[in-house]
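Biologist: Before we discuss particular side chains, could you take me through the reasoning behind the labels, one term at a time?

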Amino acid sequence: MGAVTSSKPDGEALLARVFTLLSDNKAEDIVQIDLRGKSSVCDHMVICSGRSSRQVSALAEKLADTLKAEYGILSQTEGRDTGDWVLIDAGDVVVHVFRPEVREFYQLEKMWQPVGAATGA
């Protein structure tokens with residue numbers, strides 16, 4: 001892990017770091033949804049899958065710990081105990097980590113697609 005930087009990254013830099021961390025830790029099917037101008041909650045949503053409840057929880061924990069260590073971001077997390085679906089709120093970027101069958105059930109990506117857009121990532 002790197003040292004804490006003097007300032008928090010902008011939304012794009014944070015998004016890039018989140019993608020790298022998830023990819024390096026073997027998250028699957030990583031999708032980014034641009035919410036700028038569509039939501040007051042965050043600018044970017046990232047959705048990915050882990051193969052098991054254990055991996056889902058581990059991905060969320062590693063992401064939150066690294067963002068705290070590198071940027072001083074104290075992410076809020078929900079659902080880490082069960083490991084079916086974990087939400088990590090890092091401010092400008094909100095990350096959802098699902099087990100594949102839970103992700104398929106909720107189909108969160110479809111909610112943010114433009115009308116008439118094709119399904120798939």
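Modeller: Let us begin with the term itself: a salt bridge is a side-chain nitrogen of Lys or Arg within 4 Å of a carboxyl oxygen of Asp or Glu. Please keep in mind that this is a predicted model.

Biologist: What makes the pair Arg 17 and Glu 70 a salt bridge?

Modeller: The N to O distance between the side chains of Arg 17 and Glu 70 is 2.6 Å, and the cut-off is 4 Å, so the pair meets the definition. The pair also links distant parts of the chain, since Arg 17 lies in helix α1 and Glu 70 in helix α2, 53 residues apart.

Biologist: Why is Glu 70 called buried or exposed, and how does Arg 17 fare by the same cut-offs?

Modeller: Glu 70 has a relative accessible area of 10%, and buried means under 20%, so the label for Glu 70 is buried. Arg 17, with 21%, falls between the limits of 20% and 50% and is therefore partly exposed.

Biologist: Which other residues of α2 are buried, and what covers them?

Modeller: Besides Glu 70, the buried residues of α2 include Val 56, Leu 59, Leu 63, Leu 67 and Tyr 71. Their cover includes α1 as well as the strands β2, β3, β4 and β5.

Biologist: How do you know that the length of α2 is close to the expected one?

Modeller: Helix α2, residues 53-71, has 19 residues and reaches 27 Å from its first C-alpha to its last, and 27 Å is also what is expected at 1.5 Å a residue. Just after α2, Gly 72 takes a positive phi of about 75°.

Biologist: How many salt bridges does the whole structure hold, and what makes Asp 84 and Arg 99 one of them?

Modeller: The search finds seven. In the case of Asp 84 and Arg 99 the N to O distance is 2.6 Å, which the 4 Å cut-off admits, so this pair is a salt bridge. The two residues are 15 apart, with Asp 84 in the loop between β3 and β4 and Arg 99 in the loop between β5 and α3. Arg 99, at 17%, is under 20% and therefore buried, whereas Asp 84, at 28%, counts as partly exposed.

Biologist: What joins Glu 12, Asp 34 and Arg 36 into one network?

Modeller: They are joined by salt bridges that share partners. One of the salt bridges in the structure is that of Arg 36 and Asp 34, at 2.4 Å, N to O. Arg 36 is partly exposed at 45%, and Asp 34 is partly exposed at 28%.

Technical notes
Residues are numbered from 1 along each chain as its sequence is written. This is a predicted model: local features need pLDDT of at least 70, side-chain atom pairs count only at pLDDT 80 or more; totals for chains, interfaces and linings use all residues. Side-chain values use heavy atoms; hydrogens and water are left out. Helices (H or I, at least four residues) and strands (E, at least two) are DSSP runs, numbered from the N terminus. The expected span of a helix is 1.5 Å times one less than its number of residues. Buried means under 20% relative accessible area, exposed over 50%, partly exposed in between (1.4 Å probe, protein chains only). Contact means heavy atoms within 4.5 Å.
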